[in-house]
Each structure stands twice: as structure tokens, then as C-alpha cells.
Amino acid sequence: MEKTRNFCIIAHIDHGKSTLADRLLEITNTVPEREQRAQYLDSMDLEREKGITIKASAVTMFYKAKSGETYKLNMIDTPGHVDFTYEVSRAIASCEGALLVVDASQGVEAQTLANAYLAIEHNLEIIPVINKIDLPSADIERCKRELEEIIGLDGEGAVLISAKTGQNVDAVLEELIKRIPAPCGDREQPLKALVFDAQYDNYRGVITYIRVQQGSIRTGEKILFMQGGNVFEVSEIGIFNPTYKPTQILTSGDVGYVMANIRTVAEAMVGDTITSALKPAGEKIPGYRVLKPMVFCGLYPSENEEYQALRENIEKYQLNDAAFVFEPETSAALGAGFRCGFLGLLHLEIVVERLKREYGLDLISTIPSVIYRITGMDDKVLEIDNPLKLPDPSSIKQMEEPVADLKIYTPEKFVGGMMELLKQKRGTFKNMHYIGGRERVELSAVVPLSELIIDFYDKLKSRSSGYASMEYELSGYQSAELVRVDILVNGDQVDAFSQICTRERAYDRGRILVERLKEVIPSHMFTIPLQAAIGGKIIARETIRAMRKNVLAKCYGGDITRKRKLLEKQKEGKKKMKAMGSVSIPNEAFTRVLKLSDD
């Protein structure tokens, strides 16, 4: 155990975590030279396409230090985007130390700070690493100053590296051996291991990723999941090297995986404690903070027959993503589906994309919503995450929407653009102060969560040429005048398009939706009115003109009365068709109209 070190790599998005992980794998010869590739631990196609880490990845490395002794290093590479903070919290719960990577040209940014505070909360030893020192725009002194002023770490103790070129990366390994404490835990005590992640395999069932806190675990042993009370026999254990590498035993301080013929997702929950079935431990390991979903939307199969496949696959997916929640719901327009909860809009986008790619599902998602709090005349409080559950306005005493404390870090010259964006998004400015000299500014504001989740991040980046960063935390609720905007197609309400918004935004939202629908619903043989309504009041309208069959084509001249008769007959037919006919809305209409960006 004295020769074991457990650490994670934390940083803001794009500060070089995955590149540093590549160099560490290279230096320790964990990955053969012929198999090396950029972003090695980002195994998902989606991660490689977007250039971001989505899932935390674990790997065990063996390193011969300058002292001549060989150390076992368990590393977890974590995501940097604000929507994946829960992945970081799980990694931190399994470690004794963290490498905090800071871009030498960007300095300390929003997620640098948020992740550093998470590590401090868990009493981790933090080693600051200033990366990208080879860039012409690198400002090392400013980074050191910001580490001291903003986070309170010793800037002079930072390791200066270039992960891309490999400059000074071996110093990182020496520092973590020197500064990160060895894990503690008695190997003779009953087994206690924290499940920090899990993977579903079609052939081997559920594979649980564990950090052993005390005791040891062997192949063939019977284990107990303390939260669920399920008992299984271990069929295989091992370490990540970086693929699965079987071993005979995992002991205190080790990070590895367990296979035990676990067939269903509910039997092995992330955050549970594994112990020996024959000699169980007295109490569970306190898991990490369970994050509450902030964004909700409906997910439906494009064909109703695929409902069962969707249910099975989202249960499997939930095992890999503890922050994703779902419950069944039905829609008059889309049939049976699920109401799903996410941590943010990027999280929603990634989940939908992964379900489509990894499980071959064809999905339709409804308009994202947040949880609104409604107090009735009888003083009962309802939490509404679905627009269709909004009660009748006459029975409502007070309506509240969730708000978040927002921090924006930006170069000084973009402050004006940021203030304008806050005003557009109904934000309330709190204060502003300079950090690291007068080059950069921290802005604090309170912003409604519904405004934050739609396209705030994209607009923040575009207005600051990509330099600004943000972090937010749900802070409570504030009173708001909310209404439900319904969309009527040929007089019938289509529930999938309903959304809750403030009264001042209702007209714009309704107009945008009917305009988009006009583009994607094909023409029928009769005129189709598209209306946006609040209650019984129409606030926007578009009309899809009828297709017109040329009933006079067979008339070559002749009496005008015959032509009139044919036109009258056509007119009567259209009236009858409009009264009886139904409008078929194609699937692509849902996917295009309900796209996530709010133009």
C-alpha cells in the first residue's frame, strides 16, 4: 500500500487533461507504442468527435521512480464540462490526490475553480500543474498568481509542463509520488469497496468499477451489495491496464473491476458498497452527493413497437450514467415514452446521441423544461416538470421558477457583451471584481435556469470569441408570471409541442414554433391552420395552404357551367375533408421543430 497512489486529473474543459493522461501512459509504458493514439482514454466515438471527455476513465500504471522503487499509480481522467461535474465527484471519492491542470494562456477558469473546490471538500492533496507552457501566449506568472488569489494554492509549487510535447511531464509523476499520500485501510478488516462506476456488457452482464477501502476481494468469493442486499459470486476481478486485465486479488487501496454474473441494472447501483457475504462490514461507505436533474424532456420511440426496446436500453444506459433519471409517460401525439431528467443541455444532447448510436434507437425528444414550483389556493405546493401537468390558472396562488447563481470569467474587453447577454436572459447582476491583475473579470449574477439551459453557453462563447467561461449552481426559486403555450394543428392540441415560459416570452416562443412547423408539415388536400395559444387566446398563427388538384384538366373548352359545377364539388369535398380528415405530422417534424437551440 505504501507504493500505491490513487489520483485523478481535474481541469476546465480543453486545458489538456486527456493529453496529459496520454503522456503518463506513454512514460509508464502502459500502452505499447504501436497502439498509442491521441486521447487514448476517450474511447467513445462521441468523445473523439467533440474533442471532450464525457466519461471518467480509470487506468492502473506501474512507474519506476528515480529512487529506483516501482509504484502502482491508479489514475482517473475526468470530464471538464459543467454538465459532467457528477463524473468528477465520483472520481474524487475514489482518490487521495488530484492533479489540477491549468492552461498557461487561459489561466484559472470556471470549472478549474469548481473542481478544485470539490477536491478540497474531500480533503484531497492537490498538485497544481500549469500546462501548455510552450505556447507563445503562455503567461506562467499570471497563472501562479491566480492559483494563489482565487483558489489559495501555492503557485510556486506548481509543476510547469507541456503535455503536447512531453516537456517536464516526468516531474508530475515524481511530485505525485512525493506529495499524494498512500491509501490507508486495514487489509485484515472485512471487505469494503465503493462502486464508483459500472458498465453493461451483453455477454458478461454488469461490470462494476470499484475502489477497495479496506479488506480484500478474490475470485470465487461471495459478495454482498449493502444497499440492495443482493449476493453474487465473483467470476472475475482485475485492474484497468488500460483494458481489463484479470488478477487473483484486489486489496485495500486498489482500483479495479468486478464481474459477478450480475444480470440486471438495479442490482448494482453506483455509490453502493460491496462487502463479503460471509463476513460483512458493519456500515456502508458514505457515497458521493447525488446530483438532482435540472432539465427534463420526454423521449419517445419513433415507432410505437419500439417502446419495449427503449425501456430495456435506457435501463442499461442508466447504469453508466447515475445522473440520468426516467419515468414512464404517455403523449396523445407520440404514444408511450419516458419523462427523463438531465443535468444540463449538453448532458441531454449526449444521452440522446449515445442512445441512438450505442443502442440503435430512433428517438424523438420534446421541448426541454425545468422544475417549476406551483402553490395552489389550498397552499399545496406542486413541482411541475411537464407542461401538461400545469394546473388551471384560476387554482394557482403563486408560481415560481428555479434560479441559479452564475459566475462568468471573462477578459475585461468582453464585459459589455456579457452584461447585455445577462439583460437579454432576465439575469440580475450582483457584482464584479478583477482577478489576476486587471486583465480578467469575475461577474456574479442570478439567472433563471430556464434561460440558462437553452443556449446561454453558446451565446457566451460567441460574444467573447471563446474566451469566457461559466459555472452555475442551483440557488433556489423566485416568483414569476408563467403561462403554458400550446400548439394547435388543425384545431387539435399537439401535447409534444407544449411548453411553459414567462408571459413576456410567450408570443416569441409561439411564433417561432408555428413558423418552424409550417416549414416541415407537408401540404394536405385541405388548408391547415397552425396556432399558438395561451388557454383560449390565440397569440400566433400560420396557415399551410391546401394542395390543389386541377379538376378542370379534362375540360377542353365547352360550357362554363360544367367547370363551375366541378369547382363547387371540389370545394364541398375540401370542406368535408377538413371536418373529417386528420393531419399526419411526420417524425422529422418533431425532431426539427424540437431541436435544442432557441433561435
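1. In this predicted model, Met419, Phe429 and Met432 together make a nonpolar surface patch of about 240 Å². Of these residues, Met432 can be placed within strand S24, which covers residues 428–435. Its side of the account is consistent with the patch: Met432 has a relative accessible area of 36% and is therefore classed as partly exposed, since that class lies between the under 20% of buried residues and the over 50% of exposed ones.

2. Helix H4, spanning residues 110–121, contains 12 residues, and the distance from its first C-alpha to its last is 17 Å, close to the 16 Å expected at 1.5 Å a residue. After the helix comes Asn123, for which phi is positive, near 55°.

3. As to its surroundings, H4 is mostly covered, with 9 of its 12 residues buried. The buried set comprises Ala110, Gln111, Thr112, Leu113, Ala114, Asn115, Ala116, Leu118 and Ala119, so that polar names such as Gln111, Thr112 and Asn115 are listed there beside Leu113 and Leu118.

4. Four strands form an open sheet in the order S18-S19-S17-S20, and their pairing is antiparallel. Strand S18 (325–331) and strand S20 (363–365) are the edge strands, each pairing on one side only, while the twist from one strand to the next averages 30°.

5. Within that sheet, S18 and strand S19 (residues 335–342) run antiparallel and are joined by 7 bridges. One contact that can be checked directly in the structure is the bridge of Ser331, whose partner in S19 is Gly335.

Definitions and conventions:
Residues numbered from 1 in each chain as written. Predicted model: local features only at pLDDT ≥ 70, side-chain atom pairs only at ≥ 80, totals over all residues. Heavy atoms only, no water. Patch = residues over 30% accessible without salt bridge, like charges linked within 9 Å, V, L, I, M, F, W, Y side chains within 5 Å. Areas by Shrake-Rupley, 256 points an atom, 1.4 Å probe, with all protein chains shown as cover. Salt bridge = Lys/Arg side-chain N within 4 Å of Asp/Glu carboxyl O. Helix = DSSP H or I, 4+ residues; strand = E, 2+ residues; numbered from the N terminus. Buried < 20%, exposed > 50% of the residue type's maximum accessible area, 1.4 Å probe, protein only. Expected span 1.5 Å × (residues − 1). Pairing = 2+ DSSP bridges. Axes fitted to C-alpha atoms, helices over the stretch in contact; angles between N-to-C directions.
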